[in-house]
Amino acid sequence: RVTVDGAREALSARLSLQDVRTLGGEDSTGGDYAAEGLDFHEAYGQWGTERGLRLGRQEFVMDGQRLLGNVDWTQQGRSFDGLLLFGSWGDYRNRLLMARVPDGGSHDLFVLSPSGKAGSVQWSVPLVLQTNTMVATLERGVRADDWTRFTGGAYVKGMAEALTWRAEGYGQFGKSAQA
């Protein structure tokens, strides 16, 4: 992965190009110019630093990555095509991600992630809505019926002397999922 960042005043951009393939996956390194494994991992423009918006392909990491993350322990990682609205006010921060997710069919993802810090305790109350109701039927893939799934919960992490602790819990419900 090769990443180039640029910034000028309140505007910034990132372009991250990656090539993901398995060892020996090329039939001929001398004649294969297709570069099927070459793709943009991130390609976005951003306005603002404390409060603003980011548009394009971008990583999104939330809490301990239990619900959403960049899964950077895999070779290709994960990024989302969408719009991120963000703001920070002291120890409080809020982010709203709106993205289209291709996963064998397409669906939309809306994530509201308010979070903060009080002393040595960090907290977050993430709310996630996934739906395909705004996606054209032909883009839905194998799951052509309308579906909506809502996930919400709480994440708390802290430290007391030499003890680091974390507690989190989430609930999910929708037409075909209750957890």
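Visitor: What is the order of the elements from the N terminus on, and what makes a run of residues a strand?
Guide: From the N terminus on, the elements run β-β-β-β-β-β-β-β-β-β-β-β. Strands are DSSP runs of E with at least two residues, helices are runs of H or I with at least four residues, and both are numbered from the N terminus. By that rule the chain has zero helices and twelve strands. The model is predicted: local features need pLDDT of at least 70, side-chain atom pairs count only at pLDDT 80 or more, and totals for chains, interfaces and linings use all residues. Residues are numbered from 1 along each chain as its sequence is written, and side-chain values use heavy atoms, with hydrogens and water left out.

Visitor: How do you know that β8 pairs with β9?
Guide: Two strands pair if DSSP finds at least two bridges between them. Four bridges join β8 to strand β9 (residues 121-124), and the two run antiparallel; alanine 118 has valine 121 in β9 as its bridge partner. β8 and β9 therefore meet the rule for a pair. They form a hairpin with two residues between them, and glycine 119 in the turn has a positive phi of about 65°.

Visitor: What makes β6 and β8 a pair?
Guide: Two bridges join β6 to β8 (residues 115-118), antiparallel, so the rule of at least two bridges is met. Arginine 93 has serine 115 in β8 as its bridge partner.

Visitor: Why is the contact of aspartate 72 and arginine 1 called a salt bridge?
Guide: A salt bridge is a side-chain nitrogen of Lys or Arg within 4 Å of a carboxyl oxygen of Asp or Glu. The side chains of aspartate 72 and arginine 1 meet at 3.4 Å, N to O, so the contact qualifies. Aspartate 72 lies in the loop between β4 (51-58) and β5, and arginine 1 in the segment before β1, so the pair ties together parts that are 71 residues apart in sequence. The count by this rule comes to nine salt bridges.

Visitor: What makes the lining of the largest pocket a mix of classes?
Guide: Ala, Val, Leu, Ile, Met, Phe, Trp, Tyr, Cys and Pro count as nonpolar, Asp, Glu, Lys and Arg as charged, and the others, Gly among them, as polar. By class, the lining has five nonpolar, five polar and five charged residues. β3 (38-47), β5 (80-89) and β6 (92-102) each supply at least two residues of this lining.
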